[in-house]
Amino acid sequence: MVGVAGHPEAANLAYLGLYALQHRGQESAGIVSREGSATRVHRGMGLVADVFDEGALASLRGRHAIGHVRYSTSGESSLRDAQPFLAASSDSQIAVAHNGNLTNAQAIRTELESYGSIFQSSMDSEVFVHLLARARGRLEQRISDALSRVRGAYSLVFLVDDVLIAARDPHGFRPLSLGRLGNAWIVASETCAFDLIGAEYERDVEPGEVVLIRRGRARSIQPVPRVAEHFCVFEHIYFARPDSLVYGRNVYLVRKRMGRELAKAQPVEADMVVPVLDSGAASALGYAEAAGLPYETGLIRNHYVQRTFIEPEQSIRHFGVRVKHNPIRELVEGKRLVVVEDSIVRGTTLTKLVTVLRNAGAREIHVRVASPPTTGACYYGIDTPSKEELIAAAQSVDEIRDALGADSLSYLSLEALRRVEASMKHGFCDACFSGDYIIPIDQIEEAESQLGLFDPSGE
Ligand code: 5GP
Ligand code: MG
């Protein structure tokens, strides 16, 4: 998610920002721009580079723009559900880009529909637009009214006519940062977007804060009472890019620290440490340094395969893991390996990789995971599958080790993870590991599955 306020090349900057944030979503991409009283939109399915060409970017004129890359955690995977979402109310054009997951969207939608609102998409994010369109008063008041109705996780960028608005839910589940490029303001999910366009990171949008940027001036309001912060720790473990600052911390260094903790708690006699690239690299390096073992990229990653995880069909996912990693036989043959992975979700990746490494002649395979067992689904915006699909929800560590076919398996303990969290001096959400859901599950709609939230067939 990215926003640009007050730059003659707003859409181009938004495009570059989205390019830097491509890892956050590969299903669809879109940009909305504003010039004079005209709001324009271009959206499409697929990667940023495929969705936009020069013609599309040139048509997105104006000094303000917002953009979004999407992977669905709610709603369908279709163009109808691509963001930013754009709608006209009687007196304004409202565009919104949303990162997160609302926990009471269905209830709000049902209520709004009973008053005659007609929804165009299956996304939870659309409720923001309807709430804003119905609210009365000054924009500050309308935003406050809309945000006070929704529960759950949201980092948001709105373009309401020519006002850019950045907002973060009171828990601060998802990240959102503010930057400057000369006199322009830039908003982005991660600071790596600032680096690409040469913007300076200024600060994070605070939990519960709404920043309104009008005619070059930023005004901050805090419409919803602040609560204890619950930053998503999975951003640090897997989701964010290692060159980003997330919650003010460099992601790479946090991962390395997790790897060191893992090595201290779970040492093993071995010849080398092999990362599961890309996301396992930093923690594997931390592990290798702390264990005094060589770090070798014994598995080569094919970068032209997109993240397999979001492929909707299980058969495709298995295929994806096979094409994605190939071992260097000459390196691993006869060796005792520590294979370091950032997380195990369904177990698909490692089940394949252990086989692949055995076939390449590895003598021993010790799997080390730089996060605790993933035992719970995420209701706050990460695409964790439902509990039944999580391998650690039903199986013990020993059972998983046998399922993977590894010689040993250990995870970073929850205590160790919490030590790392505590060292960052912030409050974190680690519900997917601990089961400590801040918003109780019985208040979460469709607790079984985030996908199909608005799908009447329930699929
Ligand atoms: P598994 O193969 O066990 O289902 O998933 C674990 C692998 O997927 C790890 O390599 C991890 O880096 C990656 N992963 C973890 N969470 C996510 C996610 O939310 N999206 C995507 N695309 N990959 C993920
Ligand atoms: Mg990975």
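**Entry 1: strand 7.** I began with strand 7 (residues 152-160) and checked its burial: 9 of its 9 residues are buried, so the strand is largely enclosed by the rest of the structure. A reminder to myself: this is a predicted model.

**Entry 2: its partners.** Next I looked up what pairs with strand 7. On one side I found strand 6, running antiparallel to strand 7 and joined to it by 9 bridges. Within that pairing I noted Asn101 opposite Ala153 of strand 7. I then turned to strand 8 (residues 163-168), which is also antiparallel to strand 7, with 6 bridges between them. Here Leu156 stands opposite Ala167 in strand 8. Strands 7 and 8 form a hairpin with 2 residues between the strands, and I saw that Asp161 takes a positive phi there, near 55°.

**Entry 3: cavities.** How many cavities of 30 Å³ or more are there? I get 5. The largest cavity holds about 200 Å³ of space. I count 18 residues lining the largest cavity, and the closest to its centre are His68, Tyr71, His98, Asn99 and Gly100. Strand 4 (64-70) and strand 6 (93-102) are the elements that give two or more residues to this lining, and strand 6 is the one I had just met as a partner of strand 7. By class, the lining has 5 nonpolar, 10 polar and 3 charged residues.

**Entry 4: the runner-up.** The second largest cavity comes to about 90 Å³. Its lining includes Phe173, Phe234, Cys378, Cys429 and Cys432, and I also wrote down Arg174 and Asp430 from it. Which classes make up this lining? I find 9 nonpolar, no polar and 2 charged residues.

Definitions and conventions: Residues are numbered from 1 along each chain as its sequence is written. Chains are lettered from A and ligands numbered from 1 in the order in which they are written. This is a predicted model: local features need pLDDT of at least 70, side-chain atom pairs count only at pLDDT 80 or more; totals for chains, interfaces and linings use all residues. Side-chain values use heavy atoms; hydrogens and water are left out. On a 1 Å grid over the protein atoms alone, a cavity is a set of points where a 1.4 Å probe fits but cannot get out, and a pocket is an open set with protein on both sides within 12 Å along at least five of seven lines; lining residues have an atom within 4 Å of a point. Grid points are joined across faces, edges and corners, and a volume is the space filled by probe spheres set on the points. Helices (H or I, at least four residues) and strands (E, at least two) are DSSP runs, numbered from the N terminus. Ala, Val, Leu, Ile, Met, Phe, Trp, Tyr, Cys and Pro count as nonpolar, Asp, Glu, Lys and Arg as charged, and the others, Gly among them, as polar. Buried means under 20% relative accessible area, exposed over 50%, partly exposed in between (1.4 Å probe, protein chains only). Two strands pair if DSSP finds at least two bridges between them.
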